[in-house]
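Biologist: I would like a close look at a single part of this structure, the one where the backbone pairs up side by side. Please take me through it step by step, as you would for a first-year student.

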Amino acid sequence: MLNVYLSGEIHTDWREQITQGASDLDVAFNSPVTDHAASDDCGVAILGNEPNKFWHDRKGAQMNAIRTRKGIEDADVVVVRFGEKYKQWNAAFDAGYAAALGKSLIVLHGADHAHALKEVDAAALAVAEDPAQVVQILRYVLTGALPA
C-alpha cells in the first residue's frame, strides 16, 4: 500500500485523473478540502465569525493546516500540482514542507512554470507535466512496470 497526498491546484480535475488512472494499484489517496468556499470559510463556520478578513482567513488557514500537515506527514509520496491560472503559494509551502520531512515529492506543472519553480523542482524526485505521468510513476514504483 502506498499513501499518496495530492496537494495544490483545486480548479481542474487532475486529482480525478490520477485516482482513476491508478484505480488498479494499491494506493490510498488523500488531499486537502477541494471545495474552495468550504476551505476558505471553515474557520468561521466552526469557530465563529470574524469581522476582519485577515482573521477570517487565518482561522481557515490554521484549520486547513491541521488536515494538510497530517496528510503530508502520513504520506509515502506527495504530489504537488501547480496550475496555470493562479499563484499557488500554499502549494509551494506544501512542497517545501514535504521536502523538509524527507517525503518523496512529485511536482506537477506545465513547461511555462519550469523557471519559476526551479527550486521546487530541484527538491522533487520527479517533475511531471501531466497527471498520466504521475500515474505511470506510481505504477512503476509499485510494480516496476514501464508504460506500454
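Modeller: Let's begin with a term we will need throughout: two strands count as paired if DSSP finds at least two bridges between them. The general idea is that strands of a sheet pair through backbone hydrogen bonds, and they can do this in a parallel or an antiparallel way. Please also keep in mind that what you see here is a predicted model.

Now look for the sheet itself. It is open and has five strands, in the order β2-β1-β3-β4-β5, with parallel pairing. At its edges you find β2, residues 27-30, and β5, residues 126-128; each has a single partner strand, so one side of each has no neighbour in the sheet. Going from strand to neighbouring strand, the average turn is 25 degrees, direction ignored.

Let's walk across, starting at the β2 edge. Four bridges link β2 with β1, and the two strands run parallel. To find this pairing on your screen, pick Asn3 and look across to β2, where Ala28 stands opposite. How does the chain get from one of these strands to the other? β1, α1 and β2 together form a β-α-β unit, and this unit is right-handed.

Next comes β1. How enclosed is this strand? Six of its seven residues are buried, so the rest of the structure largely encloses β1. Across from β1 lies β3, joined to β1 in parallel by five bridges. A good landmark here is Val4, which has Val77 of β3 opposite.

Stay on β3 for a moment. This strand is mostly covered, with five of its five residues buried. The side chains point two ways: Val77, Val79 and Arg81 go one way, while Val78 and Val80 go the other, and all are buried. Notice that Arg81 is in this buried group too.

From β3 we step to β4, again in parallel and again with five bridges. This time the landmark is Val78, with Leu105 of β4 opposite. Between these two strands the chain passes through helix α4, residues 89-100, in a β-α-β crossover that is right-handed.

The last step takes us to the other edge. β4, which covers residues 104-108, pairs with β5 over three bridges in the parallel sense. Leu108 has Ala128 of β5 as its bridge partner. With the whole sheet in view, find helix α1, residues 14-21: this helix packs on the sheet, touching β1, β2, β3 and β4, and its direction makes about 165 degrees with that of β1.

What lies just after β3 along the chain? Gln88 sits in the loop between β3 and α4. Its relative accessibility is 10%, and since buried means under 20%, Gln88 counts as buried. The Gln88 side chain reaches the backbone nitrogen of Gly83 at 2.7 Å. Setting aside residues up to four places away in sequence, Gln88 touches Glu9, Arg81, Phe82 and Gly83. That brings us back to Arg81, one of the buried residues we met on β3.

There is a link at the β2 edge as well. Leu142 belongs to helix α6, residues 131-143. Among the residues in contact with Leu142, beyond its neighbours within four places in sequence, are Leu2 and Val27. Leu2 falls within β1, which spans residues 2-8, and Val27 within β2, residues 27-30. The other contacts counted in this way are Leu25 and Asp26. Is Leu142 buried or exposed? It falls in between: at 33% relative accessibility, Leu142 counts as partly exposed.

Finally, here is a contrast from helix α3, residues 53-74, where you will find Lys59. At 16% relative accessibility, Lys59 counts as buried. Its side chain makes a polar contact of 2.9 Å with the side chain of Glu50. In the sheet we followed strand pairing, with β3 and β4 as one case of five bridges; with Lys59 we follow side chains instead.

So here is the path to retrace on your own: begin at β2, then go through β1, β3 and β4 to β5. On the way, check the landmarks Asn3 with Ala28, Val4 with Val77, Val78 with Leu105, and Leu108 with Ala128.

Terms used: Residues numbered from 1 in each chain as written. Predicted model: local features only at pLDDT ≥ 70, side-chain atom pairs only at ≥ 80, totals over all residues. Heavy atoms only, no water. Axes fitted to C-alpha atoms, helices over the stretch in contact; angles between N-to-C directions. Contact = heavy atoms within 4.5 Å. Buried < 20%, exposed > 50% of the residue type's maximum accessible area, 1.4 Å probe, protein only. Right-handed = clockwise from strand over helix to strand, strands pointing away. Polar contact = N/O pair within 3.5 Å; in protein donor to acceptor, adjacent residues only side chain to side chain.
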